[in-house]
Number of protein chains: 2
Amino acid sequence: MKLKEFASQLGLSPTTVSRALSGYPEVSEKTRKRVAEEAVRLGYRPNINAVRLVTGRAGAIGVIMGRTGEFHFAEFMSGMAERLDGEDIDILVSPTADRDSTDEVPLYSRLVTSGRVDAVIVHSPKPNDERIAFLHDLGFPFLVHGRSETDVPHAWIDIDNESAIRRATSHLIDLGHKRIAMINGRAGRTFSLHRDKGYRDALQERGIPFDPRLVAHDHFTDELGFRFARSFLEQSPRPTAFVAGSMMTALGIYRAVRSRGLVVGRDISVIAHDDVFPYLTAENMVPSLSATRSSMRAAGARSADLVLQLLGGRPAEEIHELWPVELILRESTGPAPAEAQS
Amino acid sequence: MKLKEFASQLGLSPTTVSRALSGYPEVSEKTRKRVAEEAVRLGYRPNINAVRLVTGRAGAIGVIMGRTGEFHFAEFMSGMAERLDGEDIDILVSPTADRDSTDEVPLYSRLVTSGRVDAVIVHSPKPNDERIAFLHDLGFPFLVHGRSETDVPHAWIDIDNESAIRRATSHLIDLGHKRIAMINGRAGRTFSLHRDKGYRDALQERGIPFDPRLVAHDHFTDELGFRFARSFLEQSPRPTAFVAGSMMTALGIYRAVRSRGLVVGRDISVIAHDDVFPYLTAENMVPSLSATRSSMRAAGARSADLVLQLLGGRPAEEIHELWPVELILRESTGPAPAEAQS
DNA sequence: CCAAAAATTTAAAACGATTTGGCTAATCGC
DNA sequence: GCGATTAGCCAAATCGTTTTAAATTTTTGG
């Protein structure tokens, strides 16, 4: 049913009907109510594409999804969806072309210049991220989830990775650990760099030399967690503690530790970063996993919120949000073993 | 840049330009090439919303995402994205309103009647699914991922859950297991029912009585896997084998088994369904997990493909695809222990 | 070289809403 | 009771494309 048809059935002009439905003040309360009721009854709904054309708004927020089906992603989107519920704004997920998305700019270009979305969210930025520069040059609204070191002003939301990992590492040092390994995220991403920094600063603060052989960078998978942990454990002296970037990595580390006949929490301490998943919880692992913790879902919800503010006219320079991260100690961390190591 | 402006810069009419870019035959090869080149050079891109309005096509496939951030979802979408890459079709993810989405029909209604998407994918249907009836009545193109028992003809793609679980259960029986527990998915969903059936049929075939106290239905989380497994293991006699609905469930079962001082693969056999995740693999678990296996990502890619066919005019009645499921035996399954049980 | 046919190109009419500016009727202040 | 204000409604322009129908140019055949 079209507006024209619907309006004539009501004996009103398209103008009045349109205004009534959009809640403009120049239509009487009585007619507004009648229009609203009849719209439901007759099932009239404005053609979204006509609305988009005339208003110039797309009614959607764009997100580019990497190929490497990351498990964080679903949680983040789920959080966005939670916030966007009832807003008549959709989430547009755009397929990424390249396997390792070295150059996502063309994708953003397509998304943005064709008018598909009103804003985009940029994930896992690099310190000098070309996507940010591009979107800024275009004057297109965007929110960065994570941080960059670029000079161009932009809205961002991030968790305090540096402090989280610094505290986690410090805690391990407090427990007497001296050889602490770190299995971090993909090289080159700011969040990995921040975590690196937190780790190194904690070591330095306590006079423990940094050993590059104890640090790895890659995707967050249990397999890589296992492999890196295995190879670290083969060193002599071997590390007595691990700081891990994700829950999946932690699973791999647990396996690696066990496979060497060692016990997590006694021989080897582990702290991982937990994005809070409904289907896999740090508390339930055996032994329960000490973790730096921050809800990815909450971040998604808040990101959607901030994008809405951005679209509402709030200046991007104003939107900077750094979330603190909890450190929750459980059974996977304990005093460094005193005895000599294999 | 608008079409009109772009066309005048080329010294052509909007019509010719539009045709040149869409590859219509009534424009000479020479001008087509020139138009294509200039479009790139000047950065002209048609306003997608104008295109949508006039063509009536939305250029997007809709997906409704449940609140309970399911980890399968990201893989499925990632597969869709893979197939849709280069097609100029997006994935529109719509927030679900209710927590347990008992009534998703209004959401589909909004998605469909407002012209946001050209087709939708319905996930985890129930045997008599109101979403399917609704979409069918509207005459709107849709693909069901999973199966339903409704009479209305519709396109679907599914994996052979029944046969997979029947074979898994049979295999356990072959190994001498008699008390086999099953931790299945949400009650009421067809895939859960199919798995139930496969399980029961396998038992019946071999004259093993069905014991409802050995079956559970719920979401796929490691916590629920743990809890159900714990409670099953408290029974006397206790089960000697588990069939599980997901990798996360299997993680929980492993923990529960260990927490009772038992050993997976020796005291307790486990087979789970593996949707194939890049970040968590059955092969790498300890002991490696025997699994029924089918790639969720591949299903997503194929689903996108089928939707494209549907939109291309292929009749829905023709599109029925039942994928076989591999059964991969690893170390988590072994002969039933002979000795008496606690 | 010319009429007819074929190959290109174009002007103008959709698509279905929002919004500007104008019009009429009701209300107000004095 | 009357001009001025306001409330409520409407006609028509607009958004940026695609596509229909028509016009123009080029090619063809005799």
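The legends below describe close-up views of a predicted model with two protein copies, chains A and B, and two DNA strands, C and D.

**View 1. Chains A and B of the predicted model are superposed by a rotation of 180°.**
Chain B falls on chain A with an RMSD of 0.1 Å after this rotation, and the shift along the axis is 0.0 Å. The two copies are thus related as by a two-fold rotation axis. The same surface serves both copies, since 98% of the contact residues of chain B recur in chain A. Among the residues of chain B, Leu92(B) comes closest to the rotation axis, with its C-alpha at 2.4 Å.

**View 2. DNA strand D is surrounded by 27 residues.**
The closest of these residues are Arg19(A), Leu3(B), Ser18(B), Arg19(B) and Tyr24(B), so named from both chain A and chain B. Of the strand D atoms that lie within 4 Å of the protein, 58% belong to sugar or phosphate, and the rest belong to bases. By class, the surface near DNA strand D is made up of 12 nonpolar, 10 polar and five charged residues.**View 3. Side chains of chain B make polar contacts with DNA strand D.**
A polar side-chain atom of Lys2(B) lies 3.0 Å from a phosphate oxygen of the strand, and a polar side-chain atom of Tyr24(B) lies 2.7 Å from a phosphate oxygen of DNA strand D. A base is approached by Thr15(B), in whose side chain an N or O atom is 3.2 Å from a base oxygen of DNA strand D. The elements that give two or more residues to the surface near this strand are α2 (14-22) and α4 (48-55) of chain A, together with α2 (14-22) and α4 (48-55) of chain B. The element that gives the most is α4(B), with four residues.

**View 4. DNA strand C is surrounded by 26 residues.**
The closest are Leu3(A), Ser18(A), Arg19(A), Ser13(B) and Arg19(B). Sugar and phosphate account for 57% of the atoms of DNA strand C that come within 4 Å of the protein. The residues of the surface near this strand divide into 11 nonpolar, 10 polar and five charged.

**View 5. Residues of chain A and chain B make polar contacts with phosphate oxygens of DNA strand C.**
From chain A, a polar side-chain atom of Tyr24(A) lies 2.9 Å from a phosphate oxygen of the strand, while a polar backbone atom of Asn47(A) is 2.7 Å from a phosphate oxygen of DNA strand C. From chain B, a polar side-chain atom of Thr16(B) lies 3.1 Å from a phosphate oxygen of DNA strand C. Two or more residues of the surface near this strand come from each of α2 and α4 of chain A and α2 and α4 of chain B. Here α4(A) gives the most, with four residues.

**View 6. Ser114(B) lies in the loop between α6 (105-113) and β3 (119-123) of chain B.**
The relative accessible area of Ser114(B) is 2%, and because buried means under 20%, this residue counts as buried. Its side chain reaches the backbone oxygen of Arg110(B) at 2.7 Å. When residues up to four places away in sequence are not counted, Ser114(B) touches Ser109(B) as well as Arg45(A), Pro46(A), Asn47(A) and Ile48(A) of the other chain.

**View 7. Helix α8(B) is largely enclosed by the rest of the structure.**
Of its 14 residues, 11 are buried, and the helix is therefore largely enclosed. The buried residues are Asn161(B), Glu162(B), Ser163(B), Ala164(B), Ile165(B), Ala168(B), Thr169(B), Ser170(B), His171(B), Leu172(B) and Ile173(B). The end C-alpha atoms of α8(B) are 20 Å apart, which agrees with the 20 Å that its 14 residues should span at 1.5 Å a residue. Just after the helix, Gly176(B) takes a positive phi of about 100°.

**View 8. Helix α9(B) comprises residues 190-205 of chain B.**
The 16 residues of α9(B) reach 22 Å from the first C-alpha to the last, close to the 22 Å expected at 1.5 Å a residue. Buried in this helix are Thr190(B), Phe191(B), Ser192(B), His194(B), Arg195(B), Asp196(B), Gly198(B), Tyr199(B), Ala202(B) and Leu203(B). These buried residues pack against α8 (161-174) and against the strands β5 (155-159), β6 (180-184), β7 (215-217) and β9 (269-274) of chain B. Just after α9(B), Gly207(B) takes a positive phi of about 70°.

Conventions: Residues numbered from 1 in each chain as written. Chains lettered and ligands numbered in written order. Predicted model: local features only at pLDDT ≥ 70, side-chain atom pairs only at ≥ 80, totals over all residues. Heavy atoms only, no water. Buried < 20%, exposed > 50% of the residue type's maximum accessible area, 1.4 Å probe, protein only. Polar contact = N/O pair within 3.5 Å; in protein donor to acceptor, adjacent residues only side chain to side chain. Contact = heavy atoms within 4.5 Å. Expected span 1.5 Å × (residues − 1). Least-squares fit on C-alpha atoms with pLDDT ≥ 70 in both. Near = heavy atom within 4 Å. Nonpolar A, V, L, I, M, F, W, Y, C, P; charged D, E, K, R; others polar.
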